[in-house]
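Trainee: Got a minute? I have a new chain open and want to walk through it with you.
Mentor: Sure. Put it up.

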Amino acid sequence: MVKRIAYLFLLILFFSCKKEEVDDQSPIISILKPLPNQNYTALDTIPIQGIVTDNNGITTITISLRNSNNINVLNSISITPNTTSYNLNEQFLLNDLYLPSGEYNLKISAFDGDNHTDTYVPLTINEFPKT
């Protein structure tokens, strides 16, 4: 009798344990525009084109401009595609008249709910001409 109860308990335990599927694949970001090291001036608009893919679905894409200290300098763009493939076609406005000249990085981040990927595009930004 004890063997039957132990056997029954093991069967219940075995069939009630469900192994969760682990997502170990990060999103893939491919940027077509802007090209690395392009020059822009404050108040320009940076065209952003590319594709973001993920095997399970992309929950969030964020685009930000970061200075040489890796600090966001303008408002970010946030997108919630909730799809496995997303075509980026965004316009990032350099809407700060007083943005100083320097080297910046356009940071594109993608998150799939479990994994995170960042891609950086180096850019040179010139301050708005003073008259």
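Trainee: Let me start with one residue. Where does Asn-67 lie?
Mentor: Asn-67 sits in a loop, the one between β4 (60-66) and β5 (77-79). Keep in mind that this is a predicted model.

Trainee: Noted. What does the side chain of Asn-67 reach?
Mentor: The backbone nitrogen of Asn-69, at 2.9 Å.

Trainee: And which residues does Asn-67 touch, not counting those up to four places away in sequence?
Mentor: Val-73, Glu-103 and Tyr-104.

Trainee: Let's zoom out. How many helices and strands does the protein chain have?
Mentor: The count is 1 helix and 8 strands. The helix comes at the N-terminal end of the order, which reads α-β-β-β-β-β-β-β-β.

Trainee: Which strands form the open sheet, and in what order?
Mentor: There are 5 of them, ordered β2-β8-β7-β4-β5. The pairing is mixed.

Trainee: Why is one side of β2 and of β5 left without a neighbour in the sheet?
Mentor: Because β2 and β5 stand at the edges, and each has a single partner strand. As for twist, neighbouring strands of this sheet are turned by 25° against each other on average, with direction ignored.

Trainee: Take the pairs one at a time. Parallel or antiparallel for β2 and β8?
Mentor: Parallel, over 4 bridges. Strand β2 covers residues 38-41. Within that pairing, Asn-39 has Thr-124 in β8 as its bridge partner.

Trainee: How many bridges join β7 to β8?
Mentor: The number is 10, and these two strands run antiparallel. Leu-106 is bridged to Val-121 in β8. Phe-111 has His-116 in β8 as its partner.

Trainee: What about the hairpin of β7 and β8? Which residue there takes a positive phi?
Mentor: Gly-113, with phi near 100°. The hairpin has 4 residues between the strands.

Trainee: And how does β4 run against β7?
Mentor: Antiparallel, with 7 bridges. Thr-60 stands opposite Phe-111 in β7. Ile-63 faces Ile-108 in β7.

Trainee: So Phe-111 has come up twice.
Mentor: Yes. Its partner in β8 is His-116, and Thr-60 stands opposite Phe-111 too.

Trainee: New topic: the inside. Which residues touch the most other members of the largest nonpolar core?
Mentor: Ile-63, Leu-65, Phe-92, Leu-94 and Leu-106, out of 24 residues in that core. The elements giving two or more residues to this core are β3 (45-58), β4, β5, β6 (83-93), β7 (102-111) and β8 (116-126).

Trainee: Pick Leu-65. Which residues is Leu-65 in contact with, leaving aside neighbours within four places in sequence?
Mentor: Among them are Phe-92, Leu-94 and Leu-106. The list also includes Ile-71, Val-73, Leu-99, Tyr-104, Leu-123 and Ile-125.

Trainee: Val-73 and Tyr-104 sound familiar.
Mentor: They should. Asn-67 touches both Val-73 and Tyr-104, and Leu-65 is in contact with both as well.

Trainee: Last bit, the whole chain. What share of the residues is buried?
Mentor: Buried residues make up 31% of the 131. The chain exposes about 8800 Å², and carbon and sulfur atoms supply 55% of that area.

Trainee: And what share of the contacts with a separation of 6 or more joins residues 24 or more positions apart?
Mentor: That share is 66%.

Definitions and conventions: Residues are numbered from 1 along each chain as its sequence is written. This is a predicted model: local features need pLDDT of at least 70, side-chain atom pairs count only at pLDDT 80 or more; totals for chains, interfaces and linings use all residues. Side-chain values use heavy atoms; hydrogens and water are left out. A polar contact is a pair of N or O atoms within 3.5 Å; within protein, one must be able to donate a hydrogen and the other to accept it, and residues adjacent in sequence count only if both atoms are side-chain atoms. Contact means heavy atoms within 4.5 Å. A nonpolar core is a set of buried Ala, Val, Leu, Ile, Met, Phe, Trp, Tyr and Cys residues joined through side-chain atoms within 4.5 Å. Buried means under 20% relative accessible area, exposed over 50%, partly exposed in between (1.4 Å probe, protein chains only). Two strands pair if DSSP finds at least two bridges between them. Accessible areas come from the Shrake-Rupley method with a 1.4 Å probe; for residues, only the protein chains shown count as cover. Axes are lines fitted to C-alpha atoms, for helices over the stretch in contact, and angles run from 0 to 180 degrees between N-to-C directions.
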